[in-house]
Amino acid sequence: MTDIYDTLIIGGGAAGLMAGCALSRAGRHVVVLEKQDRVGRKLLSTGNGRCNLSNLNAAPARYHGSRQAVRMALRAWPPKKVLEIFEGLGIPCSADDEGRVYPLSRQAASVLDALRLGCDENGAETLTGFAVTGLSRDGRAFTAVAADGRRVRGRTALVCAGGLAAPKLGACGDGHRLLEALGHAVTPRFPAIAALKTPPEAVRGLKGLRAEVSLALLVDGQAVREEAGELLLTDYGLSGIAAMQLARSANEALRAGRRCAARIDFAPGRDARALLEARRDSLPRRAMEDFLNGIVPRRLGQTLARAAGLELSLPAARLDAARLGALAAVLSGWTLPITGTQGFDQAQVTAGGASLKDFDLRTLESLRVPGLYAAGEVLDVDGDCGGYNLHWAWASALTAAAGIDSGLSEGRA
Ligand SMILES: Cc1cc2nc3c(=O)[nH]c(=O)nc-3n(C[C@H](O)[C@H](O)[C@H](O)COP(=O)(O)OP(=O)(O)OC[C@H]3O[C@@H](n4cnc5c(N)ncnc54)[C@H](O)[C@@H]3O)c2cc1C
């Protein structure tokens, strides 16, 4: 251990490890301080273990919170440049049709190993089991104190301690507390990318069923966001990527006391009425119990028929214009109230965080405490599902690392 490091990196997650690689490669003597017994645990769970590490379509519109900070970070670190960094770390990547980028190995463990090696090979130190409980600046140096009393000193400090999502993987809000203690504002935090809750009776018996849908979030009756993709029904509501993408807007609206609902189209891109008319004519004896089977799973079809006010024993031949219209309306627009979302324990990302108003967006250096920087989810930026959050972690970490490096060179810290 050194007397004084160039940089104390608080949090050995995606952002902290990327900053550790960049700074140590630039010849800076850094230490990554990680609360858990190993670094990068959350990274291992990303993309279902495959690590969707970026998205070729990364643009400010895919982000929420401080879009200006995202704009600056993306300008300096667009996907192409970040992928070159990964290539240099030994992680070539490829993208799918929707621009989602994965390592060729399709293994999150490869990405974590490469980041760890990138730190080790350039002499970055790592202290695990080091839960930073206090960060202070005296004179020109920062001191980080761990829960067990250990102390380290650095000329600069970079807070990469993440947000509140997925506490089992290390999230705890410490980063926000450390920054607040140094005079930073933290915006309201709530889960983003999380499953939606409906009244349980609305989805009773449907747990585990899946359907390809288009899904709209209605706020006070108006559609504010639409998503397409696979819907997974659960015993508490709606999951799957399409539903989880709506959580941020739903939480925002519910927190403002507005009414939320999800409108689900189970026949996206098709004329539901014409579809059902043709079906009635070709399958006149089929009862409602089985009528929608094949368009949607049978059990879901029964729920939809009931929601349209139809008896399950009713044969298709008796679908008159009104009944057919009612069934088509439910098939293409089943609407369920949204009562909330899953909490941070099940969410993937935190909306809100340390306010970017307190940072120089070119370097992510604090405007309140010179030499203090922050990157990643601890900041008030969250992205859509699809690799955008990890891209922010890398891009913000690289922005901060460049800022730290030039600050140290100029002797500002
Ligand atoms: C299940 C799951 C799947 C996901 N999949 C994807 C995906 O495929 N693509 C994508 O783009 N995003 C994904 N995300 C989101 C993405 O993982 C995060 O946005 C990203 O990891 C944030 O990086 P970070 O470095 O800011 O924070 P983190 O990765 O959370 O790292 C923060 C680190 O700081 C440590 N720490 C906290 N407090 C202290 C303290 N006091 N002292 C020392 N250390 C501390 C934590 O233990 C942790 O290791 C997923 C998230 C989850 C939960």
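The buried residues of helix H3 (residues 67-76) pack against strand S4 (63-65), strand S23 (381-383) and helix H13 (388-409). Contact requires C-beta atoms, placed from the backbone, within 7 Å. The model is predicted; local features need pLDDT of at least 70, side-chain atom pairs count only at pLDDT 80 or more, and totals for chains, interfaces and linings use all residues. Numbering starts from 1 along each chain as its sequence is written. Helices (H or I, at least four residues) and strands (E, at least two) are DSSP runs, numbered from the N terminus.

In H3, Ala69, Val70, Met72, Ala73 and Leu74 are buried. A buried residue has 20 or more other C-beta atoms within 10 Å of its own.

Helix H13 also contributes to the ligand shell. It supplies 4 residues, the largest share. Helix H1 (14-25), helix H2 (41-45) and helix H6 (174-181) are among the helices that each supply at least two. In total, 41 residues surround the ligand, with C-beta atoms, placed from the backbone, within 6 Å of it. The closest are Gly11, Gly13, Gly162, Gly170 and Gly376. The shell has 19 nonpolar residues (Ala, Val, Leu, Ile, Met, Phe, Trp, Tyr, Cys and Pro), 6 charged (Asp, Glu, Lys and Arg) and 16 polar (the others, Gly among them).

An open, antiparallel sheet is formed by 7 strands, ordered S17-S16-S13-S14-S15-S12-S18. Its edge strands, S17 (334-337) and S18 (340-341), each pair on one side only. Pairing requires at least two DSSP bridges between strands. Strand S12 (residues 196-197) pairs with S18 in the antiparallel sense over 2 bridges. Here Lys197 stands opposite Gly340 of S18.

Definitions and conventions:
Buried ≥ 20, exposed ≤ 12 C-beta atoms within 10 Å, placed from the backbone. Contact = placed C-beta atoms within 7 Å.
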